[in-house]
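Let us walk through this model step by step. Keep the structure in view and turn it as you read.

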Number of protein chains: 2
Amino acid sequence: MSIKITILGNASAKPTAHAHPSSQVVNVNEQYFLVDAGEGTQRQMSRLGISPLKLRAIFISHLHGDHLYGLFPLLSTLGLYGRRTPLRIYAPRPFGEMLEGFMRLFEQDLPYTPEWVEVDTTKHQMIFSNDTTEVWSLPLRHRVLTAGYLFRQKEPQLNVDKFAIERYSLSVQQIVAAKRGEDITLDSGEVIPNERLTYLPYPAKAYAYCSDTNYSARLAKLCQGVDIIYHEATYAAAERRLARERGHSATVDAANVALKAEAKRLLIGHFSSRYKDLQPLLAECREIFPATDIAEEGATFEI
Amino acid sequence: MSIKITILGNASAKPTAHAHPSSQVVNVNEQYFLVDAGEGTQRQMSRLGISPLKLRAIFISHLHGDHLYGLFPLLSTLGLYGRRTPLRIYAPRPFGEMLEGFMRLFEQDLPYTPEWVEVDTTKHQMIFSNDTTEVWSLPLRHRVLTAGYLFRQKEPQLNVDKFAIERYSLSVQQIVAAKRGEDITLDSGEVIPNERLTYLPYPAKAYAYCSDTNYSARLAKLCQGVDIIYHEATYAAAERRLARERGHSATVDAANVALKAEAKRLLIGHFSSRYKDLQPLLAECREIFPATDIAEEGATFEI
């Protein structure tokens with residue numbers, strides 16, 4: 001049970017010949033989620049061997065083209081591929097209006113239904129949940145309504161240690177109770193605390209996607225202890241003021257959020273096209289938060 | 001003075017990892033026109049060294065996504081690059097509604113105005129004209145309103161042969177009259193026919209873009225004598241029936257149009273993703289029309 005993040009694109013709005021705009025596939029326990037969808041998303045998926053038919057849901061941070069223009073072609077292609085299952089798209093207002101226009105003008109006969117779920121970008125709340133996975137919205141500070149997304153594995157069910165079962169001759173009922181987290185009272189009257197009987201098969205992991213945004217101390221708090229945080233770093237430290245004016249972050253902002261969040265690892269992306277060499281940006285982050293890497297296009301990061 | 005056609009993409013609707021959907025840059029006498037704009041158009045331009053800022057006008061054949069999804073990101077980018085000149089987009093109905101939605105929902109502050117010019121897909125008429133260039137609509141037979149585009153250099157102004165000027169001691173007025181195509185009466189009363197005084201500096205060239213369409217004998221007539229015709233060949237000859245049902249052409253249809261049009265050269269494209277090897281498609285065309293080539297992505301064809 002793992003979380004795998006595959007970077008389809010890490011560029012900001014001005015397109016370049018070598019980099020795609022924002023888009024990632026987040027695979028939580030073999031469920032595939034798309035996060036943002038810049039132009040070229042479907043071709044990048046295809047190049048990286050990820051079938052668009054596997055998508056369980058789509059999360060859009062905000063409605064700027066460099067995070068969105070690849071969505072509509074992808075929705076069309078899913079129709080060509082014969083998808084039947086409704087597809088939920090989590091996005092802020094007024095995405096519904098865009099989707100309505102798309103359905104009316106481009107795709108009146110899609111064999112499945114894209115369903116918009118409005119994300120309230122002012123709130124940190126659980127917006128998706130199933131047996132193994134939760135997704136939470138993260139309020140971000142950009143020029144338009146923008147949300148980040150926090151992917152969390154649910155705590156797995158406790159496993160009961162097979163040596164404990166033998167040692168205490170546990171009955172089936174006692175094993176089931178131990179799995180629920182209960183302490184067990186033996187026939188002798190002795191009480192065995194649950195932690196001596198059970199263990200977590202794997203630790204629950206978490207990944208936070210934060211783009212586009214100004215520096216936010218609140219965001220760092222909401223991402224407390226995540227295994228990986230992806231945070232935009234559009235500009236170098238020297239352009240921090242410009243970054244703030246434009247609703248973006250500089251390298252040092254990203255690193256400070258990761259530090260404050262006590263994240264295990266930081267990935268940076270959404271670089272301005274002005275930076276041909278990204279190593280100085282990386283170095284600026286590592287000075288504050290050593291466990292930083294560039295979210296390189298085509299790379300997969302696993303937790 | 002030439003026409004150069006650069007192929008940005010030649011694939012049909014189902015995207016593949018190795019091919020982009022329909023889009024071409026047609027350069028007539030150093031004026032750049034974009035013809036169709038599948039997803040990835042702006043990145044392909046950038047990779048092939050063609051600045052989007054050079055575009056004089058855009059021609060869209062029809063409103064299917066594989067010919068159109070790259071347009072809106074390109075329009076956004078032109079805004080980022082600071083274009084100020086209005087940009088005409090020639091397209092069938094209801095493109096105006098799409099453009100209105102795009103402007104309202106995505107780009108309220110574009111520094112230039114994209115202007116829709118409606119193309120009547122039932123008529124063959126001149127829709128663009130300047131000193132050196134004409135563009136004509138070509139009615140095509142597809143599932144939705146669809147037009148091809150015929151790019152024509154205008155007949156250049158006649159040059160007056162410098163030996164003739166000497167031989168007949170032509171005055172400035174007589175030279176100007178000869179340039180206009182008039183015969184010249186010498187002082188002796190002798191009349192010199194214009195064709196003995198003048199020549200065309202270069203022959204006017206023509207390029208026809210025909211996609212998507214069923215076979216059309218009328219189309220062949222309208223493309224009479226063109227230097228290059230690009231004609232879709234979505235399917236192999238064996239799938240001719242399927243092609244007809246879907247509003248497309250098979251290889252043999254494309255070759256027969258080129259033959260009937262007495263075109264000098266045929267380029268085929270818009271291949272179905274089912275064909276991994278395009279050589280058999282090419283061979284089928286060449287049996288009917290030997291001067292056929294594949295409109296390979298990235299290639300430039302010059303007239």
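Start at A:Tyr81. This is a predicted model, and A:Tyr81 sits in the loop that links H2 and E5 of chain A. Is A:Tyr81 buried, partly exposed or exposed? Its relative accessibility is 31%, so A:Tyr81 counts as partly exposed. The cut-offs matter here: buried means under 20%, and exposed means over 50%. A:Tyr81 has partners at the surface. Together with A:Leu53 and A:Leu80, A:Tyr81 makes a nonpolar surface patch of about 250 Å².

Now follow the chain onward into E5. This strand of chain A covers residues 87-91. How much of strand E5 is buried? Of its 5 residues, 4 are buried, which leaves the strand mostly covered.

Look next at the neighbours of E5(A). On one pairing, strand E4 of chain A, residues 55-59, is joined to E5(A) by 3 bridges. The two strands run parallel. Which residue of E5(A) is the bridge partner of A:Ile58? The partner is A:Ile89. To get from E4(A) to E5(A), the chain passes through helix H2, residues 71-80 of chain A. This β-α-β crossover is right-handed.

The other pairing takes E5(A) to strand E6 of chain A, residues 114-118. Here 5 bridges connect the strands, again in the parallel sense. One of the contacts can be named: A:Ala91 has A:Glu118 in E6(A) as its bridge partner. The connection from E5(A) to E6(A) runs through helix H3, residues 95-105 of chain A. That β-α-β crossover is right-handed too. A general point helps when reading these strands: in a regular strand the side chains alternate between the two faces of the sheet.

Pause in the loop between E5 and H3 of chain A, where A:Pro94 lies. The peptide bond from A:Arg93 to A:Pro94 is cis, with omega near -15°. Further along chain A there is a cis peptide bond between A:Ser211 and A:Asp212. Its omega is about -5°. A:Asp212 belongs to the loop between strand E14 (206-210) and helix H6 (217-222) of chain A.

Turn to chain B for backbone angles of another kind. B:Glu30 is not a glycine, yet its phi is positive, at about 65°. Where is B:Glu30 found? Look in the loop between strand E2 (23-28) and strand E3 (31-37) of chain B. B:Ser169, also not a glycine, has a positive phi of about 45°. B:Ser169 lies between helix H4 (162-168) and helix H5 (172-179) of chain B, in the loop. With 58% relative accessibility, B:Ser169 counts as exposed.

Step back to chain A as a whole. How many helices and strands does chain A hold? There are 9 helices and 18 strands. Its C-alpha atoms fill a box of roughly 75 × 50 × 35 Å along the principal axes. Of the 303 residues in chain A, 57% are buried.

Finally, set the two chains side by side. Two copies of a chain are related by a rotation about an axis and a shift along it. Chain A superposes on chain B after a rotation of 180° and a shift of 0.1 Å along the axis, with an RMSD of 0.2 Å. That is the relation of a two-fold axis. Which residue of chain A comes closest to the rotation axis? A:Gly40 does, with its C-alpha at 3.0 Å.

Terms used: Residues numbered from 1 in each chain as written. Chains lettered and ligands numbered in written order. Predicted model: local features only at pLDDT ≥ 70, side-chain atom pairs only at ≥ 80, totals over all residues. Heavy atoms only, no water. Buried < 20%, exposed > 50% of the residue type's maximum accessible area, 1.4 Å probe, protein only. Pairing = 2+ DSSP bridges. Right-handed = clockwise from strand over helix to strand, strands pointing away. Patch = residues over 30% accessible without salt bridge, like charges linked within 9 Å, V, L, I, M, F, W, Y side chains within 5 Å. Areas by Shrake-Rupley, 256 points an atom, 1.4 Å probe, with all protein chains shown as cover. Salt bridge = Lys/Arg side-chain N within 4 Å of Asp/Glu carboxyl O. Least-squares fit on C-alpha atoms with pLDDT ≥ 70 in both.
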